[in-house]
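Please open the structure in your viewer and keep the sequence beside it. The tour below proceeds by selection, one stop after another.

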Amino acid sequence: MDRTLIIFKPDCMKKGHVGQVLARIESAGFKVVGCKMTQLTPVLLREHYAHVADEPFYPQIEKFMSLEPVVVMALEGEEIVDKVRDLLGPTDSTKADKGTIRGDFGKDVLVNVV
């Protein structure tokens, strides 16, 4: 059994898509094993996004992700990382197929729901 982290981003929270996204996650057979609402801090964001924290676009990520509280969730399931990626669609929502979470609710590479 594998686990992964999902963050319901500020756009998801603001547009009221949390329930729809969670329903899709649960319908896909993933089990929620942890959930909380939190305000992401600059320190936590820098750690989470360490792989891009030195990139020129990082300040945009930090600003967006700290706009308002988000829901963070731990999910469990067999091969969950790859399966969740398929369910979400690519990071760039403009390239995501309809029927994926980002294809249906996302706007671009930053405003991409989860």
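Is Ser 93 buried or exposed? The model is a predicted one, and in it Ser 93 has a relative accessibility of 5%. Buried means under 20% relative accessible area, so Ser 93 counts as buried.

**First stop: Ser 93**

Select Ser 93, which lies in the loop between helix H5 (80-88) and helix H6 (101-105). Display its side chain, which reaches the backbone oxygen of Asp 108 at 3.2 Å. Then show the residues that Ser 93 touches, leaving aside those up to four places away in sequence: Arg 102, Gly 103, Gly 106, Lys 107, Asp 108, Val 109, Val 111 and Asn 112.

**Second stop: the sheet**

Next, select the three strands of the open sheet, whose order is S1-S3-S2 with antiparallel pairing. Strand S1 (2-8) and strand S2 (31-38) are at the edges; each has a single partner strand, so one side of each lacks a neighbour in the sheet. From one strand to the next, the twist averages 15 degrees.

Now select strand S3 (residues 70-77), which is joined to S2 by seven bridges, the two running antiparallel. Two positions in S2 may be picked out: Lys 31 stands opposite Glu 76 in S3, and Gly 34 stands opposite Ala 74 in S3. Turning to S1, one finds seven bridges to S3, again with antiparallel strands. Asp 2 has Gly 77 of S3 as its bridge partner.

How many of the eight residues of S3 are buried? Seven of them are, so S3 is largely enclosed by the rest of the structure.

**Third stop: the helix on the sheet**

With the sheet and its antiparallel S2 and S3 still displayed, add helix H2 (residues 18-27), which packs on the sheet and touches S1, S2 and S3. The direction of H2 makes about 165 degrees with that of S1.

**Last stop: the two faces of H4**

Finally, select helix H4 (residues 58-65) and colour its buried residues Tyr 58, Ile 61, Phe 64 and Met 65. These four cover an arc of only 130 degrees around the axis, which puts them on the same side of H4. In an α-helix there are 3.6 residues a turn, so residues three or four places apart point the same way.

What do the buried residues of H4 pack against? They pack against S1, helix H1 (10-15), helix H3 (42-48) and S3. Rotate the view to the face of H4 turned away from its buried side, where the exposed residues Pro 59, Gln 60 and Lys 63 are found.

Key: Residues are numbered from 1 along each chain as its sequence is written. This is a predicted model: local features need pLDDT of at least 70, side-chain atom pairs count only at pLDDT 80 or more; totals for chains, interfaces and linings use all residues. Side-chain values use heavy atoms; hydrogens and water are left out. Buried means under 20% relative accessible area, exposed over 50%, partly exposed in between (1.4 Å probe, protein chains only). A polar contact is a pair of N or O atoms within 3.5 Å; within protein, one must be able to donate a hydrogen and the other to accept it, and residues adjacent in sequence count only if both atoms are side-chain atoms. Contact means heavy atoms within 4.5 Å. Two strands pair if DSSP finds at least two bridges between them. Axes are lines fitted to C-alpha atoms, for helices over the stretch in contact, and angles run from 0 to 180 degrees between N-to-C directions. The arc is that of the directions from the helix axis to the C-beta atoms.
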